[in-house]
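Reader: I'm at home at the bench, but less so with a structure on the screen. Could you walk me through how to read one?

Author: Sure, let's open it up.

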Amino acid sequence: QTNVLSFKEPENIPSPEAEKMLGEIYLAPDYIQKEGGDIGHLTIHGILHLLGYTHEGLRDKIKMEKKEKSVLKKIQD
């Protein structure tokens, strides 16, 4: 089971909207709560995936975690 899934908006599908969407984020709130997670943090995590961040390698993971902490700090202040 997973707590958050992110899907980028396909680039080759025409959209009637003037602005292109990043994609979609799906959260599993019951699972997140059961595991003691934070929905706000995981929403940011999903958005960062839509922006191209990954955590596949150690360097990528560190970069993504640093950005998550930075965003969380800004919205919590």
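Reader: Where do I start? What share of the residues in the protein chain is buried?

Author: Keep in mind that this is a predicted model. Of the 77 residues in the protein chain, 17% are buried. The chain has three helices and two strands, and along the sequence they come in the order β-β-α-α-α.

Reader: Let's take one helix. What should α3 span, going by its 19 residues?

Author: Count 1.5 Å a residue, and α3, residues 58-76, should span 27 Å; the C-alpha atoms at its ends are 27 Å apart, so that agrees.

Reader: Which residues of α3 are buried?

Author: M64, E68 and L72 are. Look down the axis of α3 and its buried residues fall within an arc of 70°, so they line one face of the helix. On the other side, R59, K63, K66, K69, K73 and K74 are exposed.

Reader: What do the buried residues of α3 pack against?

Author: They pack against α2, residues 39-50. From α2 come H41, I44, H45, L48 and H49, which meet M64, K67, E68, V71, L72 and I75 in α3.

Reader: And how do I describe a pair like that?

Author: Two packed helices are described by the angle between their axes and the distance between the axes. Here α2 and α3 pack at about 125°, with their axes 10 Å apart. That angle is neither 65 to 115 degrees nor over 145, so α2 and α3 are oblique to each other. The crossing of α2 past α3 is right-handed.

Notes. Residues are numbered from 1 along each chain as its sequence is written. This is a predicted model: local features need pLDDT of at least 70, side-chain atom pairs count only at pLDDT 80 or more; totals for chains, interfaces and linings use all residues. Side-chain values use heavy atoms; hydrogens and water are left out. Helices (H or I, at least four residues) and strands (E, at least two) are DSSP runs, numbered from the N terminus. The expected span of a helix is 1.5 Å times one less than its number of residues. Buried means under 20% relative accessible area, exposed over 50%, partly exposed in between (1.4 Å probe, protein chains only). The arc is that of the directions from the helix axis to the C-beta atoms. Contact means heavy atoms within 4.5 Å. Axes are lines fitted to C-alpha atoms, for helices over the stretch in contact, and angles run from 0 to 180 degrees between N-to-C directions. Angles under 35 degrees count as roughly parallel, over 145 as roughly antiparallel, 65 to 115 as roughly perpendicular and the rest as oblique. A crossing is left-handed if the near helix is turned anticlockwise from the far one by less than a right angle, and right-handed if clockwise.
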